[in-house]
Amino acid sequence: MTELTTNTSIQEPVYSNRDYHTTETQIQGFVTDLLALKQSIHKRLETQQFDYPIYSFHYGVNWRDLIGREPEYIRPELIRMVRETLSRDDRITQVSGFEFEFQGDVCNCSFHVQSIFGEFQDNVEVEI
């Protein structure tokens, strides 16, 4: 009698410290470390969660949940969403210092990112 066995293991993704240098019109060379991390953050924050089958359900942010909501709801929820998606990248150690500016149907949120490469200020603009 033959016994079937499986050796299944779950592996956490390892994020590269190298990425393509992109501008609005072209791809030109590579970036590393802090610049690659910044690019990765923008890609995560600009990807609508659940829309693209190429990405796992944990990638991106479901910004649609904020449409039509009041600022009192948006502030804590936006903090949670940004922290949740960025915490999946092991290069990021902390996200804090959130500030909000509401203008019409747009919320501009700035925040402070601490990473293994250094600290920087970043932001995301969300249609509400």
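Biologist: Which residues are linked with R80 in a network of salt bridges?

Modeller: This is a predicted model, where local features need pLDDT of at least 70, side-chain atom pairs count only at pLDDT 80 or more, and totals for chains, interfaces and linings use all residues. Residues are numbered from 1 along each chain as its sequence is written, and side-chain values use heavy atoms, without hydrogens and water. A salt bridge puts a side-chain nitrogen of Lys or Arg within 4 Å of a carboxyl oxygen of Asp or Glu. R80 pairs with E84 at 3.0 Å, N to O, and the network links R80 with E77 and E84.

Biologist: How far apart, N to O, are the side chains of E77 and R80?

Modeller: Both lie in helix α2 (a DSSP run of H or I, at least four residues, numbered from the N terminus), 3 residues apart, about one turn. Their side chains meet in a salt bridge, N to O, at 2.5 Å.

Biologist: Is E77 buried or exposed?

Modeller: Buried means under 20% relative accessible area, exposed over 50%, partly exposed in between (1.4 Å probe, protein chains only). R80 has 37% and is partly exposed. E77 has 17%, so E77 counts as buried.

Biologist: Which residue meets R91 in a salt bridge?

Modeller: R91 is buried at 4% relative accessible area. The partner is also buried, at 1%. The N to O distance is 2.7 Å, and the partner is D89.

Biologist: How many salt bridges does a search of the whole structure find?

Modeller: Side chains of opposite charge can pair when their charged atoms come close. R80–E84 is one such salt bridge. The search of the whole structure finds 4.

Technical notes
Helix = DSSP H or I, 4+ residues; strand = E, 2+ residues; numbered from the N terminus.
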